[in-house]
Amino acid sequence: MPVNRKKDLGKDAAVQGTNDSSVVSKVSAAAQGYFHDDLLKHFVSKISRRAPLINRGYYVRWRAVDYCVKRFLHVTKSCPRRQILSLGAGFDSLYFRLHMEGAIGCVTVFEIDFPEVAHRKAALISNNPCLKDALADFETDINQQTDALFISSAHYKLIGLDVRKEQEVEATLSAAGLQRDAPTLILSEVVLTYMETHGSDAVIGWAARALPQSMFVMYEQIRPDDPFGRVMQLHFLKLNSTIHALKQYPDTVTQTHRFIRKEWHQKCSHYFILTSLKGCLLKQGLLTAPKAPSIPQISPQWHQHPPLVIQSICGAPSVEAIGMASAVLASGLIVLTGGCGRNGRDTTAQVLIKEKGDWKSVCVEILGERVVSLYQTLTSVPGRGAVLFGGRTSPLNPSDSVFWVTFDPSVLRLSFEKMVCSGTGPKPRWRHTSTLMFYNDKTLLFVFGGRSEKDPVLGDAHFLCLEDNHWTEASIAVIGEGPEARHSHSACSYEGGIVIFGGLGKGGRPLGDAFYLRPTLSGFYWEKKNFNPSPIPRYSHSSHVVDGKLVAVGGVWLQSKGVPGVCVLNLNTGVCLEIQLDTTAVPWPLMLHSFCSELLGAEATEMLIVGGGGNCFSFGTHLNPYPVTLDLRPILVC
């Protein structure tokens with residue numbers, strides 16, 4: 001066999017393998033109740049449980065395609081015959097689900113996939129009474145012209161054929177009963193992207209010519225160049241199943257033009273769904289833009305200031321984890337606690353020390369209780385160490401414990417001493433903030449927001465007096481309308497008070513507001529800060545106040561394309577600047593969320609960024625491997 005032919009067969013086999021992982025993930029989501037499909041489980045040997053984020057991703061995919069299918073059936077309900085053509089169908093259960101729902105009348109479902117995949121699916125159907133009983137006059141046949149194995153019944157046709165073989169596909173579909181002029185829904189769920197673009201473009205063009213009364217629904221990846229996109233591409237590259245369409249069609253604009261060029265009329269964060277139509281029978285279309293989107297699209301007004309450069313650190317120690325907490329205990333000494341890394345929740349705290357201009361991680365002796373949790377807070381208390389509060393070991397086991405954390409550099413000992421506090425403290429939580437402040441000769445830890453096992457967002461505020469370890473919120477007057485409940489926000493000390501910015505609010509809605517807890521003679525007053533232009537809502541970022549400016553770095557936003565850079569909020573003038581980041585000097589995808597940051601130097605003009613990353617859907621978890629730095633001096637003069 002020629003070498004190139006062997007290579008092509010290897011790539012085809014890798015693409016076929018994506019079917020197996022995809023159906024396992026769909027079954028996981030269905031088993032956890034994200035959507036209802038009792039038939040998918042018959043296409044796997046056992047039910048495996050995927051991570052919640054993967055389940056949610058497959059719910060979105062299932063819900064989007066299901067909506068388009070139901071809309072097609074609705075707008076064609078008066079037609080005597082309707083067709084669904086599923087390209088690269090894999091182990092999809094669409095026909096069987098429609099049959100169970102009683103929605104298969106006057107509808108014929110045609111499925112095409114590689115012969116190997118179709119053969120396996122045919123065997124599963126033939127040996128499963130629940131699936132086989134859904135097929136009237138079931139039979140297996142071999143097309144004499146194309147040798148395409150297919151199952152044939154009154155409303156279901158399973159064809160084993162490479163969809164790139166245009167003439168064979170057209171001949172086999174015609175022999176199987178596909179009617180040229182009948183209203184047809186063409187489905188392509190992450191299929192065409194695995195083909196070379198000239199091949200996938202040919203499929204789109206063939207469908208436009210062969211089926212004049214049709215709708216094309218395509219669900220694929222976009223945005224290959226941000227950190228998530230780079231991780232996504234590396235994942236498929238390792239699987240030997242490159243996603244080709246991303247190179248030529250990286251966004252919805254280029255995908256739209258792609259279909260227009262093939263004479264389809266358009267009706268239409270890393271996946272998108274596109275619907276196109278051909279012919280007058282289907283003029284209603286499938287998707288319509290909502291009158292008032294729940295999350296409005298906002299384009300960032302990037303300031304003309306040059307992008308700030310993120311620099312990697314030569315010889316930096318490896319620190320790979322998300323959900324850590326950090327605190328500066330002394331100049332050139334940073335403590336990191338908690339988080340989740342390559343081996344799960346990290347059980348050993350780390351100490352980073354800067355010596356002779358270089359950062360290194362030192363081995364330390366741990367004294368006291370080992371704190372194993374994610375999304376806790378570690379707040380530096382000058383001269384005394386740091387205070388650790390909250391966090392979780394699992395979503396069902398949050399903590400309300402408080403610890404004093406101290407470090408003895410002479411013996412490299414890190415101590416955790418559990419504090420016994422009086423008064424009514426906050427309920428257990430994570431993704432909150434804990435900020436140091438001083439009021440009436442008292443040193444206070446101000447805890448705000450977060451979430452718990454029962455509360456998706458929390459909006460309560462608490463003061464812990466560090467002189468007597470007493471929760472004193474009842475004795476400190478706080479007036480004014482405060483921030484709404486949220487988590488994954490930032491909170492910074494500012495002029496005797498606290499500035500809170502962003503976060504994730506009720507219903508998973510990103511927030512872009514800022515509130516100042518301003519000290520008064522009798523207590524504190526909540527004051528909303530207004531900025532022009534308004535900052536784009538974000539969460540899971542990190543913020544510091546430097547020279548009267550709130551500097552928010554990274555995070556996640558839903559309103560805009562790309563990823564957040566640096567948002568500079570002038571707390572005196574109300575001016576907001578969105579400035580991009582240049583990460584070309586960092587040789588890995590840099591994901592700036594769920595990370596730690598600390599200001600360095602006497603003037604606090606350099607930021608050290610440690611950890612961070614995230615779960616990239618089913619492509620694996622990416623962890624930033626090394627700390628990086630960001631020089632803030634260029635923006636502090638803006």
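This passage describes the domains, cores, helices and sheets of a predicted model.

The domain assignment divides the chain into two parts. Domain 1 covers residues 78-278, and domain 2 covers residues 325-564. Their C-alpha centres are separated by 49 Å.

The nonpolar interior was examined next. The largest nonpolar core holds 58 residues. Within this core, V69, I84, F96 and Y156 have the most contacts. Helix α2, residues 52-75, supplies the largest share of the core, with nine residues. The surroundings of I84 can be listed in detail. Leaving aside residues up to four places away in sequence, I84 touches V69, F72, L94, L98, V107, T108, V109, F110, L185 and L187. A further core lies apart from the largest one and has 31 residues. Its members include I112, V163, A208 and F272. In soluble globular proteins, nonpolar side chains tend to be buried together.

Strand β5 spans residues 156-160 and contains L158. L158 has a relative accessible area of 3%. The cut-off for a buried residue is under 20%, so L158 counts as buried. L158 and A148 are ten residues apart in sequence. Their C-alpha atoms are 9.5 Å apart in space.

Helix α7 runs from residue 197 to residue 210 and has 14 residues. From its first C-alpha to its last, α7 reaches 20 Å. This is close to the 20 Å expected at 1.5 Å a residue. The helix is mostly covered, with eleven of its 14 residues buried. At the start of α7, the buried residues are T197, G199, S200 and D201. Further along, V203, I204, G205, W206, A207, A208 and A210 are buried too. One of these, A208, is also a member of the 31-residue core.

Two open sheets were then traced. One has five strands, in the order β17-β23-β22-β19-β18. Its pairing is mixed. The edges are formed by β17 (365-368) and β18 (377-381), and each of these strands pairs on one side only. From one strand to the next, the twist averages 25°.

Within this sheet, the pairing of β19 can be followed on both sides. Strand β19 comprises residues 385-389 and pairs with β18 in the antiparallel sense, over five bridges. L378 has L388 of β19 as its bridge partner. V381 stands opposite G385 in β19. The hairpin of β18 and β19 has three residues between the strands. In this hairpin, G383 takes a positive phi near 80°. Strand β19 also pairs with β22, residues 402-408. This second pairing is antiparallel and uses four bridges. Here L388 stands opposite F403 in β22. L388 therefore has a named partner in each neighbouring strand, L378 on one side and F403 on the other. Strand β19 is mostly covered, as five of its five residues are buried.

The other open sheet has four strands, ordered β33-β34-β35-β36, with antiparallel pairing. Its edge strands are β33 (542-546) and β36 (576-579). Each has a single partner strand, so one side of each is left without a neighbour in the sheet. The twist in this sheet averages 20° from one strand to the next. Strand β33 pairs with β34, residues 549-553, over five bridges. The two run in the antiparallel sense. S543 has A552 in β34 as its bridge partner.

A further antiparallel pair is formed by β29 and β30. Strand β29 covers residues 490-494. Four of its five residues are buried, and the strand is mostly covered. Five bridges join β29 to β30, residues 497-504. In one of these pairings, S490 is matched with F501 of β30. The hairpin of β29 and β30 has two residues between the strands. Within this hairpin, E495 takes a positive phi near 45°.

Note on methods: Residues are numbered from 1 along each chain as its sequence is written. This is a predicted model: local features need pLDDT of at least 70, side-chain atom pairs count only at pLDDT 80 or more; totals for chains, interfaces and linings use all residues. Side-chain values use heavy atoms; hydrogens and water are left out. Domain bounds come from an automatic or database domain assignment. Axes are lines fitted to C-alpha atoms, for helices over the stretch in contact, and angles run from 0 to 180 degrees between N-to-C directions. Buried means under 20% relative accessible area, exposed over 50%, partly exposed in between (1.4 Å probe, protein chains only). A nonpolar core is a set of buried Ala, Val, Leu, Ile, Met, Phe, Trp, Tyr and Cys residues joined through side-chain atoms within 4.5 Å. Contact means heavy atoms within 4.5 Å. The expected span of a helix is 1.5 Å times one less than its number of residues.
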